[in-house]
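Visitor: I am new to this structure and would like to be taken through it. May I put some short questions to you?
Guide: Certainly; please begin once it is displayed.

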Amino acid sequence: MGKKKRKALNTNVDKYRVFGLVLTAAACVAIMITGVLLDRSSSCQIVDSEGNVLATVSLESGTYEVACAEADWAYADIAFHEAAELLADQEQISEEAAQKRLVEKGAAIHTYLQEEIQESLAEAVSQSWEAATSNSAGALCNLDGDLIACYSHSSDQDGVNYVTWPTWAGSTIKPISVYGPVSAWLA
């Protein structure tokens, strides 16, 4: 009777097929992992004195974005930069590296902000006659020197935190610089 001939398999072709399938699967896994890592957004939170989240800071396209109520932006900006400065000093790294680390690690920055005082300050500064036409700011500290509220208003929405903007003391220092020495001389 007739013998059936067995077709010889080309082992080289089978090896290349298996190698191609493995390579394709590895590429798909690498693309999936890269997508997950790129999609994962890190952020840190700034928390007020009662434990409520005041703001969320995230890194978007190389810049830090602060998501919070407009009235809380100046305080959140100060808290984030101060925390980064403290971390930079402690870890002996640059402030930019510290900011990145705070966001990537999902840090919670606890502050002394008192929300009811913050709201009152924001209302008072924004309702002043100067607020409509100029840049203005206000800040309040407790007796220990802790910043408990601050508000910055910009008439042209330039994104500058006027609480930390350098200014001249002007006449506000006159009671100390002018009248103080005179009263000591008269006494």
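Visitor: In which sense do E1 and strand E4 pair, parallel or antiparallel?
Guide: This is a predicted model. In it, E1 and strand E4, residues 108-110, pair in the parallel sense over 3 bridges. Within that pairing, Ile-46 stands opposite Ile-109 in E4.

Visitor: And how do E1 and E2 pair?
Guide: E1 and E2 are antiparallel, with 5 bridges. Cys-44 has Val-57 of E2 opposite. The hairpin of these strands has 5 residues between them, and Gly-51 takes a positive phi near 90 degrees there.

Visitor: Turning to the interior, which residues of the largest nonpolar core touch the most other members?
Guide: That core has 21 residues, and those touching the most other members are Cys-44, Ile-46, Leu-54, Val-57, Phe-80, Leu-102 and Ile-109. Two or more residues each come from strand E1 (43-47), strand E2 (53-60), helix H2 (73-91) and helix H3 (95-104). H2 gives the largest share, 10 residues.

Visitor: What is Leu-54 in contact with, beyond its neighbours within four places in sequence?
Guide: Its contacts include Ile-46, Val-47, Ala-67, Cys-68, Tyr-75 and Leu-113.

Visitor: How many disulfides does a search of the whole structure find?
Guide: The search finds 0.

Visitor: Why does Cys-150 have no bond to the closest cysteine sulfur?
Guide: The closest one, in Cys-141, is 9.1 Å from the sulfur of Cys-150, which is too far for a bond.

Visitor: Is Cys-150 buried or exposed?
Guide: Cys-150 is buried, at 0% relative accessibility, whereas Cys-68 is partly exposed, with a relative accessible area of 27%.

Terms used:
Residues numbered from 1 in each chain as written. Predicted model: local features only at pLDDT ≥ 70, side-chain atom pairs only at ≥ 80, totals over all residues. Heavy atoms only, no water. Core = buried A, V, L, I, M, F, W, Y, C linked by side-chain atoms within 4.5 Å. Buried < 20%, exposed > 50% of the residue type's maximum accessible area, 1.4 Å probe, protein only. Helix = DSSP H or I, 4+ residues; strand = E, 2+ residues; numbered from the N terminus. Contact = heavy atoms within 4.5 Å. Disulfide = S-S within 2.5 Å. Pairing = 2+ DSSP bridges.
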